[in-house]
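Please look at the sequence and the model below before reading on. The briefing that follows moves from the whole chain to single residues.

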Amino acid sequence: MSARRPAAVIVLAAGEGTRMKSRRSKVLHELCGRSMLGHVLAAARELEPQRLIVVVGHRREQVIEHLAEHAPQAEPVVQERQGGTGHAVRTVLEQVGTLSGTVVVTNGDHPLLRGETLAELVRTHEREGNAATVLTTEVPDPTGYGRILRGPDGAVTAIVEHKDADEAQRAVREINVGMYAFDGELLEAALKQVTTDNAGGEEYLTDVPAILRGQGHRIGAFTAPDWVEMQGVNDRVQLAQARRLLNERIVEAHMRAGATVVDPATTWIDVDVVTEPDVVIHPNTQLHGRTRLEEGAEVGPNATLTDTVVGAGAVVSNTVADRAEIGPEASVGPFAYLRPGTRLARKAKAGTYVEMKNAVVGEGAKVPHLTYVGDAEIGQGSNIGAGSVFVNYDGVRKHRTVVGDHVRVGSDNMLVAPVRIGDGAYTAAGSVIVSDVPPGAMAVARGRQRNIEGWVERKRPGTPAAEAARRAAGRRADESDAGGDAGA
């Protein structure tokens, strides 16, 4: 049985989250490329609800801004005062009106929640014709959790808080996760009967199933098979634990889809990363944002890629890349830094200690080592000598350098933009190129060498260099005398 589209999914995200000790809203703390709230919303969207509603309260401005940027289809509803979970849902219904059909209520601090779990909750709710269906799970240690008590037919007869449970009830390992599916109209009616007659003086959503059962309605439950998925996050220790668990899930999914991950324990992959079959990911690699590794690409060790495309068969080692495009069979690293706007064509190379920014490198072109390439275009088959700098900034504006096809730029060159080097041209080592170089020309832009004999002994007397120079001069004199004797 496939679940129908729920009338709404309501995500509770108004809490203060004091244990996070943060100026940021608790639900906006990130793991694996999304906020906690973002993960919950992604799971909720899999149900294709008619309305997706987020209850906001504490630091509401941050949450509303986040929703506008990342989940514009979500409707924020403000809970002006923190009056409990029941009050939060009642606030939603007072603002949006009656929700006819199934209403799912979940929490914004459960980033491990899967969409398929919510879907099964809805299917169970509708198949059994329940007024309310509680999401439950069985945990190794249920201490502190509300216990689920069931009747002979499997219906939920009560949710007993730990402090109120007797010895037999405390032995029950099935707990209330705090998420539900409700009949929308029955939920609205029951919320009007929820009181604040409790120690916290708040309206609790957990009272609703008891109210509905008291009216003769059936209360059911769906038991999630993976209790780990049901864990919420209340502090930074739990956030780190959730991050590790979620990353393990993501890495495993990539391996099962055909990626080789050499060391899953040191590999971190965000939720929106795409890997194609036969990619190899070496240890200590981080893949962030919308990074994509195409078939047969090899990345790592020690690589951090953000929103970067790595073409089929490319090799990227010990590299940091941000919003770069690495073409098929290209080679990057070790110890390279590709900044935004960098594009390497097929079989291009950005080698050891190379930094690139807003640079286009043509097919088969090579920048092998110790070079900065900024705001430049390098044609196919060209080679940039070691220690070269594309001087792109004049202190006010950035300028562009264009290097043609099959150019040979000598080592230790300064290419002062704006400048163009024509196809097939050469530049001499140590040159400072400030003017355009015609195709096929050799550009030499350096001063004539001048040797000042005896300078070290005169200016640096007593130093090891002066002593070495003195000995060398003596050897030359001896060799000269020997040559004279032989001639005589």
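What follows is a short tour of this predicted model, with the overall form treated before the local details.

The chain has 488 residues, and its radius of gyration is 34 Å, whereas a compact globule of that many residues would have a value near 23 Å. Its secondary structure comes to ten helices and 37 strands. Two residues, Asp109 and Asn234, carry a "binding site" feature in an unreviewed UniProt entry, and several other residues are described below for their backbone angles or their surroundings.

**Overall form**

- Along its principal axes, the C-alpha trace of the chain spans about 130 × 50 × 40 Å, which can be read beside the radius of gyration of 34 Å.
- Of the 488 residues in the chain, 44% count as buried.
- If one takes the contacts in the chain with a separation of 6 or more, 40% of them are between residues that lie 24 or more positions apart.

**Surface and charge**

- The accessible surface of the chain comes to about 23400 Å², and carbon and sulfur atoms account for 48% of that area.
- The chain holds 55 positive and 63 negative charges, and the mean positions of these two groups are 6 Å apart.

**Annotated regions**

- The unreviewed UniProt entry lists residues 9-143 as "domain: MobA-like NTP transferase".
- The span of residues 9-143 is 35% helix and 23% strand, and the C-alpha atoms at its two ends lie 29 Å apart.
- The "binding site" feature in the unreviewed UniProt entry is placed at Asp109 and Asn234; although these positions are spread over 126 residues of sequence, they cluster in space, with a largest C-alpha distance of 7.6 Å.

**The surroundings of aspartate 109**

- Aspartate 109 is found in the loop that runs between strand S6 (102-107) and helix H4 (115-128).
- Is aspartate 109 buried or exposed? Its relative accessibility is 14%, and because the cut-off for buried is under 20%, aspartate 109 counts as buried.
- Leaving aside neighbours within four places in sequence, aspartate 109 is in contact with Lys26, Val27, Met36, Gly232, Val233 and Asn234, and Asn234 is also one of the residues given the "binding site" feature in the UniProt entry.

**Backbone angles to look for**

- As background, most residues other than glycine have a negative phi, and most peptide bonds are trans.
- The peptide bond from glycine 300 to proline 301 is cis, with omega near 0 degrees, and proline 301 lies in the loop between strand S18 (298-299) and strand S19 (304-306).
- A cis peptide bond also leads from alanine 417 to proline 418, again with omega near 0 degrees, and proline 418 is in the loop between strand S33 (414-416) and strand S34 (419-421).
- Arginine 59 is not a glycine, yet its phi is positive, near 50 degrees; this residue sits in the loop between strand S4 (52-56) and helix H2 (60-70), and with a relative accessible area of 30% arginine 59 is partly exposed.
- Asparagine 284 likewise has a positive phi, of about 60 degrees, although it is not a glycine; its place is the loop between strand S15 (280-281) and strand S16 (286-288), where asparagine 284 counts as partly exposed at 41% relative accessibility.

**Sequence distance and spatial distance**

- Valine 274 lies in strand S14 (residues 274-275), and its relative accessibility of 33% makes it partly exposed.
- How far apart are the C-alpha atoms of valine 274 and arginine 292? The two residues are 18 residues apart along the chain, and their C-alpha atoms are separated by 4.7 Å.
- Not counting residues up to four places away in sequence, valine 274 touches His254, Thr291, Arg292 and Leu293.
- Proline 142 is in the loop between strand S7 (132-138) and strand S8 (147-150), and with a relative accessible area of 8% proline 142 is buried.
- Proline 142 touches Arg147, His162, Arg170, Val172, Arg173 and Ile175, when residues up to four places away in sequence are not counted.
- Proline 142 and asparagine 392, in turn, are 250 residues apart in sequence, and from C-alpha to C-alpha they are 63 Å apart in space.

Conventions: Residues numbered from 1 in each chain as written. Predicted model: local features only at pLDDT ≥ 70, side-chain atom pairs only at ≥ 80, totals over all residues. Heavy atoms only, no water. Helix = DSSP H or I, 4+ residues; strand = E, 2+ residues; numbered from the N terminus. Rg over C-alpha atoms; globule rule 2.2 N^0.38 Å. Buried < 20%, exposed > 50% of the residue type's maximum accessible area, 1.4 Å probe, protein only. Contact = heavy atoms within 4.5 Å. Areas by Shrake-Rupley, 256 points an atom, 1.4 Å probe, with all protein chains shown as cover. Lys, Arg positive; Asp, Glu negative; His and termini not counted. Charge placed at Lys NZ, Arg CZ, Asp CG, Glu CD. UniProt positions renumbered as here; feature names shortened; annotations may be inferred.
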